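Q: I'm new to this structure and would love a close look at a single part of it. Could you walk me through it step by step?
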Amino acid sequence: MISANNISLQFGKKALFEEVNITFSPGNCYGLIGANGAGKSTFLKILSGKLEPTSGNVTMDPNERLSVLEQDHFKYDEYTVLTTVIMGNKKLYDIMQEKDAIYAKEDFTEEDGVRASELEGEFAEMDGWNAEADAETLLNGLGIATEDHYKLMGELDDNTKVKVLLAQALFGNPDNLLLDEPTNHLDLDAIAWLEEFLINFENTVIVVSHDRYFLNKVCTHTADLDYGKIQIYAGNYDFWYESSQLIVRQKKEANKKKEEQIKELKEFIARFSANASKSKQATSRKKALEKIELDDIKPSSRKYPFIDFRPSREIGNEVLTVSHLSKTVDGVKVLDDISFTVGREDKIAFVGPKTIATTELFKILAGEEEPDEGEYKWGVTTSQGYFPKDYTKEFDSDLVIADWLTQYSEDKDATYVRGFLGRMLFRGEDGMKKVKVLSGGEKVRCLLSKLQIMATNVLILDEPTNHLDMESISALNDALIKFPGVILFAAQDHQFIQTTANRIMELTDTGLIDKQTTYDDYLANDEMARKRQIMNFDGNED
């Protein structure tokens, strides 16, 4: 159990939190939600002790262990993967280090023997003999191959490092677990594994995530951070949304009834206050009027962008033909003889762990790179808008946002361009920010503004939900559902894929899997196929 007691945090004149009192109980998983900038990550830092509040304190049983998902991806570069995971339980790791140091002594004394015996006892109590096996189980579950367990962290790519750091946080059954965006950079298989882990985890979890499906799957409670206060709702993200909307509706209805009552009382008082026979009744109604108070309905700090992709031209029947496409990157063949055709009503989600293959395919189809072999052909009625996974070059410029967006617009009128920026929450002077200093979320909103102003009838989107808050993801999701053109996209958001795609493709080591189906049905069939493989491996009939 972990408690925040009268927590306030002041940055200059701005109060991020004001007297927050909240207790997170064992056996529950709390989804901490709120708009971008509301202070979710900051609150986790306060709970972990990495940041001191202006006032108040955080309490936790001294015998309990707190584990936090590390955000510094370079902190453990000199350690092996397995060691990095075990370091998640600092006390156990320190015991292992001290033991090894004692046993490595050439002049081993009687005092060393006593200390070693004490350490061995503590080590056994903490199930230290199974530490490496437990760490390997976590790593394997997250999709990190056994041969990588003894590599140095500095040898790994960033996505694999994220998985190792997640395994570190989960290691050793911590009493309190703080996870800030744990699904970022995880493939869908790793996310599914993490979901099952947290569902079965018996201690306290507090998680920040923009993945609605993930929050719905794992959370028993929702902690809503809005206007510096945190309110707990029993239930997952969808339950919170329905409950919060219901509360607002109920308050509005109650206020409407009160306003009608106020009107009636005022009319009676105005009509009969000068009437001697009715004066007592008028006085009584004045007192009743003074007691009526309207509920204070404070609007949420959440802001939803308006996203609407409107193609300037209707798409024809011939959209895209890909024939025997191959591509090698850094000596590895990521695309091998890939062929498919795209129809005018297709919204295709590219799924699976081979994200580099999808990225390379999208780069080729967008004209950013050339294939090693094969060819592709876009229909004459098509126009393509591309959202790259790595958009660093897009913003390597001294241009301000308004000028940056104008270069992609046929209509150069400033008012027209600013209209698109306003829809994406860049209002007033925001449009004069230089693009090179924008946050990750702001850059994504700029790219979505670009795609809207280009008005193409084909969208190629490589993980567009990264860095977006929940409100922006919802707005983008709704816009793609309504989009009358063709979409080729990759995402790590289950609900986003399920509600957008009508066709699923997976680039595997043995070729392309192509199914005209929903994502949930694809996963269900994939799970059945895996079970059949296991049965056949065991020698049973299919």
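Is Glu-181 buried or exposed, and what is its relative accessible area?

A: Happy to help! Please keep in mind that this is a predicted model. Glu-181 is buried, because its relative accessible area of 14% falls under the 20% cut-off. You will find Glu-181 in the loop that runs between strand β6 (176–180) and helix α7 (188–200). Its backbone deserves a look too: phi of Glu-181 is near 50°, a positive value in a residue that is not glycine. As background, most residues other than glycine have a negative phi.

Tyr-227 makes a good companion to look at next. Phi of Tyr-227 is near 55°, again positive in a residue other than glycine. Tyr-227 also sits in a loop, this one between β8 (221–226) and β9 (229–234). Tyr-227 counts as partly exposed, with 37% relative accessibility, whereas Glu-181 is buried.

Now for the wider setting. In soluble globular proteins, nonpolar side chains tend to be buried together. Here, the largest nonpolar core has 94 residues, and Leu-179, Phe-309, Leu-448, Phe-489 and Ile-497 have the most contacts inside it. Helix α6 (residues 158–170) gives the most to this core, contributing 7 residues. To see one of these core residues up close, try Phe-309: leaving aside residues up to four places away in sequence, its contacts include Leu-448, Leu-451, Phe-483 and Pro-484. There is also a second, separate core of 27 residues, with Val-319, Leu-325, Ala-357 and Tyr-386 among them.

Definitions and conventions. Residues numbered from 1 in each chain as written. Predicted model: local features only at pLDDT ≥ 70, side-chain atom pairs only at ≥ 80, totals over all residues. Heavy atoms only, no water. Core = buried A, V, L, I, M, F, W, Y, C linked by side-chain atoms within 4.5 Å. Buried < 20%, exposed > 50% of the residue type's maximum accessible area, 1.4 Å probe, protein only. Helix = DSSP H or I, 4+ residues; strand = E, 2+ residues; numbered from the N terminus. Contact = heavy atoms within 4.5 Å.
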